[in-house]
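Reader: Before I rely on the vocabulary used for this model, I should like each term justified. Could we begin with the surroundings of the ligand?

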Amino acid sequence: MKDTFKHKGLRQQLVNVLIDKGIKDEAVLKAIGNIPRHLFMDSGFLDHAYQDKAFPIAADQTISQPYTVAFQTELLQVKKESKILEIGTGSGYQAAVLCELGAKVYSIERQQELFKKTSKFLPKLGYRPKKLIFGDGYKGLKEEAPFDGIIVTAGAPFVPKPLLSQLKVGGRLVIPVGDDVQVMTLFIRKGPKEFEKHEFGDFRFVPLLEDKN
Ligand code: SAH
């Protein structure tokens, strides 16, 4: 599969849609403009890759809608060399966005099929996360903590405590919280036991599932 001028053109249109919807962060828009999203999707959905929609990937999961990826990434305020943990690697698209921004990326996936597929796929496109982990994201990644940012890309029924405790002071957790509908929530760690909470409206994600292993 290749990236072509046609794909690049469609991608620029997608970036314009995201700008119209209110995404402002130039680095995030540039990352989305660079990443061949069509290569992250099953071949049956190739024609739709640059629509602002979520689509199925393997193991009954979805690649998030580009607007949602952009919105969450903007809230995370990623800088070059930021240490970022993602929960829910899925297709690897969000991880690729974080790599484009120069972050040191750690990402956890609980579906083995997706973990294997994405571990092989990302380096082929030149994206090299620090670590992809097969495991349960509810626990975070204690051995690599603390993080500048943690992004959860599945709907969390509650906020897992380990994710808050694995943030640096000044660090940010971006997490959609809720059962059927999720409220996009940002926590900023202000001190060892102090967190600021901000809410940003409703989104819909596949659920963050309890560990099945
Ligand atoms: N960030 C992904 C979106 C994937 S959808 C992308 O860009 O494509 C959410 C993902 O979270 C799914 O792959 C699902 O298997 C995974 N997931 C669900 N519960 C999890 C858990 N407890 N730990 C880690 N990953 C989980």
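Author: The shell around the ligand divides into 11 nonpolar, 13 polar and 4 charged residues. Ala, Val, Leu, Ile, Met, Phe, Trp, Tyr, Cys and Pro count as nonpolar, Asp, Glu, Lys and Arg as charged, and the others, Gly among them, as polar. The model is a predicted one, in which local features need pLDDT of at least 70 and side-chain atom pairs pLDDT 80 or more, while totals for chains, interfaces and linings use all residues. Residues are numbered from 1 along each chain as its sequence is written, and side-chain values use heavy atoms, with hydrogens and water left out.

Reader: What makes a residue one of the 28 around the ligand, and which come nearest?

Author: A residue is near a molecule if one of its heavy atoms lies within 4 Å of it. Of the 28 residues, Glu86, Ser91, Glu109, Gly137 and Leu209 come nearest. E2, E3, H4 and E4 each supply at least two residues of this shell; helices (H or I, at least four residues) and strands (E, at least two) are DSSP runs, numbered from the N terminus.

Reader: Why is the approach of Leu209 to a nitrogen atom of the ligand called a polar contact?

Author: A polar contact is a pair of N or O atoms within 3.5 Å. A polar backbone atom of Leu209 is 2.7 Å from a nitrogen atom of the ligand, so the pair meets the definition. The ligand, taken alone, exposes 580 Å², and the protein buries 99% of that, by the Shrake-Rupley method with a 1.4 Å probe.

Reader: Which other residues have polar atoms at such distances from a nitrogen atom of the ligand?

Author: Glu86 places a side-chain N or O atom 2.9 Å from a ligand nitrogen, and a polar backbone atom of Gly88 is 2.9 Å from a ligand nitrogen.

Reader: How do you know which space the ligand takes?

Author: The space is the largest pocket. A molecule sits in a pocket if more than half of its atoms lie within 2 Å of its grid points. On a 1 Å grid over the protein atoms alone, a pocket is an open set of points where a 1.4 Å probe fits, with protein on both sides within 12 Å along at least five of seven lines; lining residues have an atom within 4 Å of a point. The largest pocket has a volume of about 490 Å³, and its lining of 34 residues includes Thr62, Gly88, Thr153, Ala154 and Val206 nearest its centre. H3 gives the largest share, 3 residues.

Reader: What is the volume of the second largest pocket, and what lines it?

Author: Its volume is about 240 Å³. It has 16 lining residues, with Leu39, Phe40, Met41, Lys117 and Phe121 nearest its centre.

Technical notes
Points joined across faces, edges and corners; volume = space filled by probe spheres on them. Polar contact = N/O pair within 3.5 Å; in protein donor to acceptor, adjacent residues only side chain to side chain.
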